[in-house]
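Biologist: Before I rely on any label in this model, I would like to hear what stands behind it.

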Amino acid sequence: MASENQSSVSQFLLLGLPIPPGQKGVFFTLFLGMYLTTVLGNLLIILLIRLDSRLHTPMYFFLSHLAFTDICFSSVTVPKMLMDMHAKYKSIPYAGCISQMYFFIFFTDLDSFLITSMAYDRYVAICHPLQYTIIMREELCVLLVAVSWILSCASSLSHTLLLTQLFFCANMITHFFCDLGAILKLSCSDIFLNELVMFTVGVVVITLPFICILVSYGYIGATILRVPSTKGICKALSTCGSHLSVVCLYYGAIFGQYLFPTVSNFIDKDIIVAFMYTVVTPMLNPFIYSFRNKDMKKALGKLFSKGTFFS
């Protein structure tokens, strides 16, 4: 074994979703519909923000990047999953598996940073409305997005480089995509450093942003409770409630899946949790972040009624 290297594993086999053979057609149609909804919904968000000048604000700037990230996030895993549902031999090349894992981690982390940037934007808008245009200037928004991309790239690259140094005793991945935790279970090498980096980086790119979001919304909650307008309070609470519900769904799954990868042996549970944040959450984001928003509804109505966005 010492004379061989990790590339001697030419391919991995994906176990896939635990779906009974007789129900694969139904689930394939369902998952394909969810994926198309994710792609088309998020593309519509990008189109509306791009063409409607009223949506050229920091909040929608972050939202457009989040929509693009969600499209890429789902596209990393779902097309391969759909193909494997009708394939007898569910294999993926070694290089393809490593690439899928890299981009999956990259867009997972990017989602986390963008959601945090949106929370900060809402904090400034509600808690410091008079200084909003000064604080949330274009340079700061671009900087936040750029830093998000750089940190996400560094995170995924660190995991990928460490993984390529490992030897593997088996090639059967008990998942529907090349999940880092599932791949590490196949290694013959010592994975202590991999798990240490997984935990450490997870704290930096997942836990700290989550804490920042909670702190931001804590200040938002304290601010809106001091507003005498009942209508304003209800509107703010509704917006925060929708955002926080997605935050809880997204980060709850991430915490259980990656920060504590060796705690649970319930493989099916891990697969279901991973499916929730790779397929369901990106599909719901267009509805939660946009289509319940008054400005987005106006832009959407203008698109279908007049076909023009310039006045």
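The exchange below takes some labels in turn and sets them against their definitions.

Modeller: This is a predicted model, in which local features need pLDDT of at least 70 and side-chain atom pairs count only at pLDDT 80 or more, while totals for chains, interfaces and linings use all residues. Residues are numbered from 1 along each chain as its sequence is written, and side-chain values use heavy atoms, with hydrogens and water left out.

Biologist: Why is Leu110 called buried or exposed, as the case may be?

Modeller: Buried means under 20% relative accessible area, exposed over 50%, and partly exposed in between, with a 1.4 Å probe and protein chains only. Leu110 has a relative accessible area of 0%, and therefore it is called buried. Leu110 is found in helix α3, residues 94-127, where a helix is a DSSP run of H or I with at least four residues and a strand a run of E with at least two, numbered from the N terminus.

Biologist: What makes Asp84 buried?

Modeller: Its relative accessible area is 7%, so Asp84 counts as buried. Asp84 lies in helix α2, residues 58-84, and, leaving aside neighbours within four places in sequence, is in contact (heavy atoms within 4.5 Å) with Leu14 and Lys90.

Biologist: How do you know that β1 pairs with β2?

Modeller: Two strands pair if DSSP finds at least two bridges between them. Strand β1 (residues 11-14) and strand β2 (residues 91-93) are joined by 3 bridges and run antiparallel, with Leu13 opposite Ser91 in β2.

Biologist: And what makes β1 and β3 a pair?

Modeller: There, 2 bridges join β1 to strand β3 (residues 172-173), and the two run parallel, with Leu14 standing opposite Ile173 in β3.
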